[in-house]
Amino acid sequence: KTSFSVDELTIIQKVGRTEYTKNVPVHAQLALVKKEKTGESIFNVEIDYIVTGRSSGKLTAIESKDFTGNYDKDYYWTNKTFPILNRIASIVYPQENFDHQQQKLF
């Protein structure tokens, strides 16, 4: 079994707006919850979070400090790991297309 530390899974993003009308990014959702609790401004605040899954097609996440060991393996593979490996592989093997092989791995 492979396990990752909180630091390895943590994504850090700044909140770029104070108000959202639709399509609220997951880090902004967490910031808005924090704002409701503390009353502090969320603009330009860094949010440390871990993606835990999807609900109704949207990402779900928790603040890193609340990590319980559950995280979305597919999200981390598809969005964080595979793109880096694909860039490296495309330099080493320029004639290959690894994008179609990603689906075979999961």
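These are my notebook entries on a predicted model of one protein chain.

**Overall layout**

I began with the element list. I found four helices and three strands in the protein chain. From the N terminus, I read the order as α-β-α-β-β-α-α. I then looked up burial: of the 106 residues, 27% are buried. I also checked contacts with a separation of 6 or more, and residues 24 or more positions apart account for 50% of them.

**Helix 2**

I went to residues 26–38 next. How far apart are the end C-alpha atoms of helix 2? I got 19 Å. The 13 residues should span 18 Å at 1.5 Å a residue, so the two values agree.

I listed the buried residues of helix 2: Val26, His27, Ala28, Leu30 and Ala31. I asked what covers them. The cover includes strand 1 (11–14), strand 2 (46–55) and strand 3 (58–63). I stepped just past the end of the helix. There Gly39 has a positive phi of about 80°.

**The hairpin**

I turned to strand 2 and strand 3. They pair in the antiparallel sense, and I noted six bridges. I looked up one position across the pair: Gly53 faces Thr60 in strand 3. The two strands make a hairpin, with two residues between them. I checked the turn and found Ser56 there, with a positive phi of about 55°.

**The core**

I pulled up the largest nonpolar core, which has 18 residues. Which members touch the most others? They are Tyr49 and Tyr76. I then asked which elements feed this core. Helix 2, strand 2 and helix 3 (73–92) each give at least two residues. I kept one general remark beside this entry: in soluble globular proteins, nonpolar side chains tend to be buried together.

I followed Tyr76 further, setting aside its neighbours within four places in sequence. Tyr76 contacts Leu9, Ile11, Tyr49, Ile50, Val51, Tyr71 and Thr81. Tyr49, the other residue I had noted in the core, is thus on the contact list of Tyr76.

**Helix 3**

I read helix 3 from its start. A side-chain oxygen of Asp72 comes to within 3.1 Å of the backbone nitrogen of Asp74. I listed the buried residues of this helix as Tyr75, Tyr76, Trp77, Phe82, Asn86 and Ala89. Where does helix 3 kink? I placed the kink at Phe82, shortly before the proline Pro83. The angle is about 45°. I cross-checked Phe82 against the burial list, and Phe82 is buried.

Definitions and conventions. Residues numbered from 1 in each chain as written. Predicted model: local features only at pLDDT ≥ 70, side-chain atom pairs only at ≥ 80, totals over all residues. Heavy atoms only, no water. Expected span 1.5 Å × (residues − 1). Buried < 20%, exposed > 50% of the residue type's maximum accessible area, 1.4 Å probe, protein only. Contact = heavy atoms within 4.5 Å. Core = buried A, V, L, I, M, F, W, Y, C linked by side-chain atoms within 4.5 Å. Pairing = 2+ DSSP bridges. Bend = angle between axes of the 7 residues up to and from the residue. Polar contact = N/O pair within 3.5 Å; in protein donor to acceptor, adjacent residues only side chain to side chain.
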